[in-house]
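Thank you for coming, everyone. Please take a moment with the sequence and the fold before I begin, and then we can go through a few places together.

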Amino acid sequence: MRPLDPSRRRFLTLTAASAASLTALGLPALPAAAAPAGTGDAEPDFGPNVFVYDPSTPTAEIQSTLDRLFAAQEHNEMGADRYAVLFKPGRYEVNAKLGYYTTVAGLGGHPDDVEIHGAVRVVGQPDPNSPAGISALTNFWRSAENLSVTPTDWSNQWAVSQASPMRRVHIKGILWLEPGNGGYSSGGYIADSKVDGITINGSQQQWLTRDSELGGDWTNGVWNQVFSGVLGAPAQGFPNPPYTTLPTSPVTREKPYLFVAADGGWRVAVPGLRHDTAGTTWGEGARPVPSLPLCDFFIAKPTDSAQRINQELSRGRHLLLTPGVYHLDRALRVKHPDTVVLGLGMPSLAPTTGDAALRIEDVDGVRIAGVLVDAGPEQSEVLVEVGKRHSHRSHATNPISLQDVFFRIGGPGVGRAVTSLVVNSRHAIIDNIWAWRGDHGNGIGWTSNTADTGVVVNGDDVTAYGLFVEHYQRYQTIWNGERGRTVFYQSELPYDPPSQAAWSSPTGRGWASYKVADQVREHEAWGLGVYSYFNQGVDIRCDRAIESPRRAGVRFHDAVTVFLDGSGGIERTINEAGTPVVGSYGTSPVVSYP
C-alpha cells in the first residue's frame, strides 16, 4: 500500500473481499471472513454481491468483474440483483461501466486515495424516440462515491437521470453528463465533489450540484440547473441561461461512508453538521471526520427478517444493509438517537403486509442513507415516516437526515401506498430523494400502482436539496411546516389520468405538483421545474403547477413549467403567475414570486 500524505492521514483503508458463491455471474468464490466485522484486520462478510479489491489484484480480474456486472445489469431495470464494488487505496487502470443497482466506491479517507485511471462511467441506451437514437432517460439507481477518476478517454461520461448520485468524487479532467449527440437525459445530482476540467451539461434537462468545486466552465443548460454552495459555479442567469446559483448552502451534513482506519479496523464516517457552506468537505484544510467502528453495526443480509433487524436496532446497534431486496412483514423501527442506517449497493426495503418500510422516532441525529423503498401490493399508508405527527422537539444542532433514499410505487411489481415519505420532525435534512410512482415497468396503471402523494412535510425548519417527485395521483409534494426550504425541485405530473374528472382537486382542474399549505407563513424555494406529459389521448389540464398562499414570507425563485408531449398541459406556473404551456412544446418561467 502506498504511503498517504500526512494531510490525509485521517483514515487509512485496508479492505477485503466478501465471502460467498459468485457462480451466478461465473466469478470465482472469495475467501470467507475470519473474524467479526470491525475487529482489527478482520474482513467483514458483506455477502456475495460486494467485491473489494486492492492494487495487488490483477487488473484483468477487476476488469472482468466490472464487465460481467455491467453485462448482467445494463438492462436489468426492474430486477432484484444489487452490487457494490469497493476499492482499497491505490491506483487502478480500469473502465467501470455502471448498470442498474451498481455502486462503485473508494474506501479511503480522502477521494484521492483511490485513483481510477480510465473511467467510472454511465453510457446512454438506444432510444428510438430520441432524435439522437440514444438517451439516458431511464439510467436510474446507480452511484459513484469517494474516489478520483483520471479519464483516459477525452472525458468521464456520467449520463444519468434520477437516483444516480455522484458524491465525494474528484474528476481529474472533463465530466460529460449526456449520452451523446444531444440524446435525451433527465438528471441528476452531484455533491461534495470536484471537477478539474469543464463540465459538459449537454442535453441534461435539470441538475443539482451542491457543495462542490468546478475548475472549468459548466457548459449550457436546458431548463433548470441549480448550484448551491459551488465554487466556480456559473453566475445567476435564470431563465437564460437557466442557472440558479446560491453562493452557500444553508445547512448540510454529508452522507455517511464506509472506510478502513489506519489500524485496519473497518469504520463508517459520519460527517458533521455545517452551516452556510461552499466547496467540498475534503479540500485543503479539511478537518478530521468523526466515525463509528463497524463492529457497532449489524450487517444485515436480505435473508434477515424484520424482527431480527429490529432486535438489533432496539439494542442500539447501527445498521448496514448489504445488497439485495429485504421483504419486510413489519416496519423497521429506529428508536435510538444518532442511529445510522446505511445501504451498500442500493438495497431495497419492500413491505409485504401494508405496514411502512421504516419508522423513525423523533430523536436526534438519525441518518438514513443509500436505500430504495418499494411499495408492496397491499397498500401502505406511508412507506417512510420521520417522527410522529405533531412532533415539536428541536433538532437544530443534530438533525435527522435522509440521503439518497429512493421510493417506487410500481415498476418491479404492483405497489400501492398513500404517501411515500412523511417528515414530521423539525430541522430534518432531505438530501437527494426520488419519489416515483412508476410510469413504466410492471404493475403500472391508474388503478394498479395507486399513490396520492410523494412527500409530505409537516415538521418546521425542514431543508430539502434535490427533491425529485413524480407521477403521483394528487399533490406530488405537500409542505405544511413553517420555515421550510427547498433547493431544487423536479417533478413530472402523472402521465395517465384517464379523464379530467378523475384528476381534479378542490381548487380546480388537476392537482398542483408543489403545494404549500394555506396556513404557512414562511417558506422559500429555489429552482423548481414541473413538467406535463398526459399520454392517454385526453385533453387534461393542470390549472397551476405550484400552489401556495400569496404572502411576503412565502417566496419562490426561478420556477418553470414545461410541456413535454402528449395532450393538454399546464395553465399557470405559480398560482396566477406564468403563461400556459398547452398542446405543444413550450416553457413558462417565473423568476420570482410574489
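In what order do the 3 strands of the open sheet lie? Before I answer, please keep in mind that this is a predicted model. The order is β22-β23-β25, and the pairing is antiparallel. Because β22, at residues 257-260, and β25, at residues 291-293, each have a single partner strand, they stand at the edges, and one side of each is left without a neighbour in the sheet. On average, and with direction ignored, neighbouring strands here are turned by 35 degrees against each other. If we look at strand β23, which covers residues 266-269, we find 3 bridges joining it to β25, and V268 stands opposite L292 of β25.

Let me move on to helix α2, residues 306-314, whose buried residues are A306, I309, N310, E312 and L313. Seen down the axis of α2, these buried residues fall within an arc of 160 degrees, so they line one face of the helix. What they pack against is a set of strands, namely β26 (297-300), β27 (318-321), β28 (325-328) and β29 (332-334). Just after α2 comes G316, which takes a positive phi of about 90 degrees.

Finally, the cavities. The structure holds 5 cavities of 30 Å³ or more, and the largest contains about 220 Å³ of space. Its lining is made up of 22 residues, and those nearest its centre are T103, E145, K255, G343 and L344. Among the elements that give two or more residues to this lining is β22, the edge strand of the sheet we began with; others include β5 (102-106), β9 (142-151) and β30 (340-343).

Definitions and conventions
Residues numbered from 1 in each chain as written. Predicted model: local features only at pLDDT ≥ 70, side-chain atom pairs only at ≥ 80, totals over all residues. Heavy atoms only, no water. Pairing = 2+ DSSP bridges. Helix = DSSP H or I, 4+ residues; strand = E, 2+ residues; numbered from the N terminus. Axes fitted to C-alpha atoms, helices over the stretch in contact; angles between N-to-C directions. Buried < 20%, exposed > 50% of the residue type's maximum accessible area, 1.4 Å probe, protein only. Arc of directions from axis to C-beta. Contact = heavy atoms within 4.5 Å. 1 Å grid on protein atoms, 1.4 Å probe; cavity = no way out; pocket = protein on both sides within 12 Å on 5 of 7 lines; lining within 4 Å. Points joined across faces, edges and corners; volume = space filled by probe spheres on them.
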